[in-house]
Amino acid sequence: MSTPTLDRNDSGTNAPTTATGGTAVDRQIRALRWGRLSAVLRPRHLIAALALLVAAALAFAINIGQGDYPLSIPQVFEVLFGGGNRLERLVVLEWRMGRTMVGLVVGLALGLAGALTQSVSRNPLASPDILGISQGASAAVVTVLVMGTSVAGLTVPAALLGGGTAAIALVGGLITAAVIYLLAWRRGIDPFRLVLVGIGINAMLTSVITFMIVRADINTAAQAKVWLTGSLAGQGWPQFWPVLICLAVAVIALALVSYDLQATQLGDDAARALGVRLRVSQGVMLLIAVGLTAITVSAAGPIGFVAFVAPQLALRLCRTATPPLIGSALTGAALLLLSDWVARVVLPWELPVGIVTAAIGGPFLLHLVIQTNRKASA
Amino acid sequence: MVPQAPPVDSRPPSPAGRASGGLHRLRRRRLLGLILLAALLLATLAASFVLGARPTSLGEVLPALSTPSATDDISLVVWQLRFPRTLLALCVGAALGLAGALIQGHTRNPLADPGILGISAGASLAVVLGIFILGISAPAEYVWLALAGSAVAAVIVFGASSIGHGAANPMSLILAGAALSAFLTAMTTAITLADQSSLDKMRFWATGSVADRPLDVLWAVLPFLIVGAGIALASTPAMNALALGEDIATSLGIPVALTRLLGIFAITLLAGGGTAAAGPIGFVGLVVPHLARGITGPDHRWLLPYAGLLGAILVLAADIIGRVVARPGELQVGIVLALVGAPFFIFLVRRRKLVSL
């Protein structure tokens, strides 16, 4: 009872059976049991998750290593584990670690938020980007940038200004999330209605941002455009800790709620019949997604597309039916770190990372879609 | 006591009678809605000629409308300024509404809008390349670039999502479109960040506006819009069948691959033409089908005309409001649409039970 056991199907024979009782030629359902806990063993998923972990680690090392003073991957790992000479330690730990760590946690958070939103809404288009939270943060920052600190008679409090764009972005994002939630609440939260209200608010805020950009003088408009694209430039340890704390809280909360996710995918009625407290678990997951998105926007600006594409990439790489949580987080981290490396080092002039994530992630997703289509018809 | 047959009136209605009663109510609602919308369109049309930065009254406008070649102030304002933008707003709004209803019908996804095929992103990239490389800066010259950009993007998306199948799988369409849109938008942003003068010209086109566009722009895209609308309206019975699923549609005799191809073609013509004429306007294609579906239900034969009408009214109303609210200046249509339409949309989402696809 105390050692985990690997069970074959209940039929007791070695002949593999599918869930419906027919026989499958290649697939066996294996369960891992440990006392009262049990889980289905999905080798492909595990292997893919491990591969993604390796990819994320490599992206991390490449990002830290490359720059004006390039270090190879083995050198980077040597420094990280305590070795390396003084110059290498200076380069890695003092100069670059902060920014790369921010990239790591922001990528993890975005991937996770995207997976949660897409799973709860059962719609790949429902990424946190379109729900209005990033737009709320963006609108707040752009308004303050363009119109100065007293806007229409409201003066932004000095405490908020002290935190800079980060604090303004966070407050803007959270206020927007609260407004969306309140507007969508009608004897409970229905994810579809929440997403539609989010789209409405998103459209309004996009209008506000466009209005500000058109009204501003060209220099402020360019400055606003740069912030709007999202960038890791100038980010370091001060931005790292809030995101890490938020991520840790999210992971703990998810450990309690994520096993409901599989049942939720079957549809509202089936999930309720299986005993899931549907609205509670959906609400918690959306709240986590909102919190993660808001904190990443405040740390690095609205880096678009990662939250949309990472779950879709992870879904296809891990061959699961719904966006896998850990896989999406790792994919997001790998994508963001690679994009930051490309933006910083490979390109002749530094571009905001938000552009590179779309430039890399978009064609990759396109390729995966084509590949899936080709396989399905073969 | 001998039970007597109940009198005729108190007999419960037969199931067929009940169903036809409900259907009768739906038909009546649709017809009534159509008449109301047509009246609303006429009223908005009148308002568009009367309202503006320069105050005029209906009495002044009507004689000006009947003599197109007069040269007094009022006639100039009416014919040179208000007539082009009214016509453009109507056509672009109707085109975007139709395209939105089509794309939501084909992808079976209520969050889809015509931009999902990469149309506005392709148009934007083509325009910004024109500005950056060729130095073009007049709206009339953007039109052909934008049309070309939309067409190329739509072809890539449709091609990518139909490799391997005969018909474009809705999920592949959405994902391929979103992927390509993000890529093209990233390229556009990169160019505008690298070159400030491009940003300066681009940010005005990218807002979406029906003002300051000569009528040539409309005449250029009108053939595309008409062909697209024709194909769209003709494909509505097939779309009703497709809504049941591809297998059932095939067994009903619908050529699924051809229907999808024609649908994507129509969407490209409509949304591409609209974007080329007025710039990327985002709200209409997404929200108008929802509003229309609330009245008509999921029958495409009613949904598409309603979406077209509603789209036209919405864009025209947004243009009028933009003219009036910020006198003596103006707010562009692209900005006003969401600011005015979104609260209305949210109100509707809260009040009614949502009609899902």
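**Exercise 1. Locate Ser328(A) in this predicted model and decide whether it is buried or exposed.**

Solution. Begin with the secondary structure: Ser328(A) has its place in helix α14 of chain A, which covers residues 325-346. Next, take the relative accessible area, which is 0% for Ser328(A). Because a residue counts as buried when this value is under 20%, Ser328(A) is buried. Finally, list the surroundings: once the neighbours within four places in sequence are left aside, Ser328(A) is in contact with Gly111(A), Ala115(A), Ala310(A), Pro311(A), Ala314(A) and Pro323(A).

**Exercise 2. Describe the backbone and the setting of Arg319(A) and of Arg108(B).**

Solution. Start from the general expectation, which is that most residues other than glycine have a negative phi. Arg319(A), although not a glycine, has a positive phi of about 55°, and Arg108(B) likewise takes a positive value, near 55°. Then place each residue: Arg319(A) is found in the loop between α13 and α14 of chain A, whereas Arg108(B) is found in the loop between α3 (73-107) and α4 (119-134) of chain B. The last step is accessibility, where Arg319(A), with a relative accessible area of 54%, is exposed, while Arg108(B), with 29%, is partly exposed.

**Exercise 3. Work out how chain A and chain B meet, and which elements of chain A supply the contact.**

Solution. First count the residues involved: 54 residues of chain A are in contact with 52 residues of chain B. Interface size is often expressed as the accessible area lost when the parts come together. Here the two chains bury about 4,300 Å² between them, and 78% of that area is on carbon and sulfur atoms. Now look for polar links: the rule finds zero salt bridges across the interface of chain A and chain B, but six residue pairs in polar contact, both residues at pLDDT 80 or more. On the side of chain A that touches chain B, α6 (164-184), α7 (191-215), α8 (218-229), α13 (306-318) and α15 (353-377) of chain A each supply at least two residues. The largest share, 16 residues, comes from α7(A). By residue class, this side of chain A divides into 38 nonpolar, 10 polar and six charged residues.

**Exercise 4. Characterise the overall build of chain B.**

Solution. Take the secondary structure as a starting point: chain B has 14 helices and zero strands. The C-alpha trace of chain B spans about 95 × 60 × 35 Å along its principal axes. Of the 357 residues in chain B, 53% count as buried. To see how the sequence folds back on itself, consider contacts in chain B between residues at least 6 apart in sequence, of which 77% join residues at least 24 apart.

**Exercise 5. Check the length of helix α12 of chain B against the expected span, and say how well it is covered.**

Solution. Helix α12 of chain B (residues 283-296) has 14 residues, and at 1.5 Å a residue it should span 20 Å. The C-alpha atoms at the ends of this helix are 20 Å apart, which agrees with the expected span. As for coverage, 13 of the 14 residues of α12(B) are buried. Just after α12(B), Gly297(B) takes a positive phi of about 80°.

**Exercise 6. Trace which parts of the chains are joined by the salt bridges of Asp268(A), Glu330(B) and Arg260(B).**

Solution. A search of the whole structure finds nine salt bridges over all chains. One of them joins Asp268(A) to Arg122(A), with the closest N and O atoms 2.7 Å apart. Asp268(A) is in helix α11 (residues 268-273) of chain A and Arg122(A) in the loop between α3 (86-121) and α4 (133-147) of chain A, so that distant parts of the chain, 146 residues apart, are linked.

In chain B, Glu330(B) forms a salt bridge with Arg85(B), the closest N and O atoms being 3.0 Å apart. Glu330(B) lies in the loop between α13 (300-325) and α14 (333-351) of chain B and Arg85(B) in helix α3 of chain B, so the pair ties together parts 245 residues apart in sequence. Glu330(B) is partly exposed, at 37% relative accessible area, but Arg85(B) is buried, at 8%. These two residues also belong, together with Asp319(B) and Arg323(B), to a network of salt bridges.

Finally, the side chains of Arg260(B) and Glu246(B) meet in a salt bridge of 2.8 Å, N to O. Arg260(B), at 4% relative accessibility, counts as buried, and Glu246(B), at 30%, as partly exposed.

Notes:
Residues numbered from 1 in each chain as written. Chains lettered and ligands numbered in written order. Predicted model: local features only at pLDDT ≥ 70, side-chain atom pairs only at ≥ 80, totals over all residues. Heavy atoms only, no water. Contact = heavy atoms within 4.5 Å. Buried area = accessible area lost by both parts, 1.4 Å probe. Salt bridge = Lys/Arg side-chain N within 4 Å of Asp/Glu carboxyl O. Polar contact = N/O pair within 3.5 Å; in protein donor to acceptor, adjacent residues only side chain to side chain. Helix = DSSP H or I, 4+ residues; strand = E, 2+ residues; numbered from the N terminus. Nonpolar A, V, L, I, M, F, W, Y, C, P; charged D, E, K, R; others polar. Expected span 1.5 Å × (residues − 1). Buried < 20%, exposed > 50% of the residue type's maximum accessible area, 1.4 Å probe, protein only.
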